[in-house]
Amino acid sequence: RGASLDALWTRLRKYRLLLHYLPGVLPTGAGPNTLSFVLAEWDSRHHVRLALGDAHNEPLHFAWDYGLLGVAAVGLFVWRVVPHLALGDSWSAAWVAGAVVALASIPCRVAPVGLTFLTISAGVVSR
């Protein structure tokens with residue numbers, strides 16, 4: 001039936017592939033909804049199973065879609081919030097949890113979750 005870690009290995013394979021092609025795409029970005037086509041083409045050409053669709057890594061996907069401008073936007077967002085994080089603060093803990101989830105998921109592309117993360121970010125910065 002396959003190993004229980006198959007999904008993890010296919011996702012890691014996808015990350016490695018994205019990091020391989022990212023330097024060529026990074027200056028301008030490839031544009032929204034192009035990642036699925038690249039992954040599907042690579043999958044069919046090399047007969048290796050990949051988890052198609054989104055990158056399931058928000059910073060990496062922003063870099064792919066929007067290039068250096070997307071990387072700068074994420075960097076400025078993090079730069080604005082991180083100085084306000086504090087140990088023992090529940091808002092800070094929620095923000096760190098959201099940031100960790102963004103490294104293995106696509107929370108900002110799901111409207112209710114993205115809005116919640118932005119609200120938590122506003123709560124951290126306003127304190």
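1. Let's start with helix α2, where Arg45 and Glu41 form a salt bridge, with 2.4 Å between the closest N and O atoms. The term here stands for a side-chain nitrogen of Lys or Arg within 4 Å of a carboxyl oxygen of Asp or Glu. The two residues sit four residues apart in α2, about one turn of the helix. An α-helix has 3.6 residues a turn, so residues three or four places apart point the same way. Arg45 counts as exposed at 55% relative accessibility, while Glu41 is partly exposed at 41%. For these labels, buried means under 20% relative accessible area, exposed over 50%, and partly exposed in between (1.4 Å probe, protein chains only).

2. A word on what you are looking at: this is a predicted model, in which local features need pLDDT of at least 70 and side-chain atom pairs count only at pLDDT 80 or more, whereas totals for chains, interfaces and linings use all residues. Residues are numbered from 1 along each chain as its sequence is written, and side-chain values use heavy atoms, with hydrogens and water left out.

3. The overall fold is quick to describe: the chain has five helices and zero strands, running α-α-α-α-α from the N terminus. Helices (H or I, at least four residues) and strands (E, at least two) are DSSP runs, numbered from the N terminus. The C-alpha atoms fill a box of roughly 50 × 40 × 25 Å along the principal axes. Of the 127 residues, 30% count as buried. Contacts (heavy atoms within 4.5 Å) are mostly long-range in sequence: of those with a separation of 6 or more, 72% join residues 24 or more positions apart. The accessible surface is about 8,100 Å², with 68% of it belonging to carbon and sulfur atoms; the areas come from the Shrake-Rupley method with a 1.4 Å probe, and for residues only the protein chains shown count as cover.

4. Please take a good look at α3, residues 58-81. This helix has 24 residues, yet its end C-alpha atoms are only 17 Å apart, short of the 34 Å that a straight helix would reach at 1.5 Å a residue. The expected span is 1.5 Å times one less than the number of residues. A kink of about 140° is centred on Tyr66, the bend being the angle between axes fitted to the seven residues ending there and the seven starting there. The buried residues of α3 include Leu60, His61, Trp64 and Gly67, and the buried residues of this helix pack against α1 (6-25), α2, α4 (90-102) and α5.

5. Back to charges: the whole structure holds four salt bridges. Arg109 pairs with Glu58, the closest N and O atoms being 3.2 Å apart. Arg109 lies in the loop between α4 and α5 and Glu58 in helix α3, so this pair ties together parts that are 51 residues apart in sequence. Glu58 is buried at 4% relative accessibility, and Arg109 is partly exposed at 33%. Together with Asp65, these two residues are linked in a network of salt bridges.

6. Which residue does Arg127 meet in a salt bridge? The partner is Asp89, at 2.9 Å from N to O. Arg127 lies in the segment after α5 and Asp89 in the loop between α3 and α4, so parts 38 residues apart in sequence are tied together. Arg127 is exposed at 58%, whereas Asp89 is buried at 14%.

7. The loops deserve a glance too. Asn57, in the loop between α2 (35-46) and α3, is buried with a relative accessible area of 12%. Beyond residues up to four places away in sequence, Asn57 touches Tyr15, Ala102, Leu103, Ser105 and Ile106. Ser105 lies in the loop between α4 and α5 and is partly exposed at 24%. With neighbours within four places left aside, Ser105 is in contact with His56, Asn57 and Glu58.

8. Finally, the rings: there are three aromatic pairs in the whole structure. Phe77 and Phe117 form a tilted one, 6.1 Å centre to centre with 50° between the planes. Rings of Phe, Tyr and Trp (its six-membered ring) pair if their centres lie within 6.5 Å; planes under 30 degrees apart count as stacked, over 60 as edge-to-face and the rest as tilted. Phe77 is partly exposed at 30%, and Phe117 is buried at 12%. Ring pairs join Phe77, Trp95 and Phe117 into a cluster.
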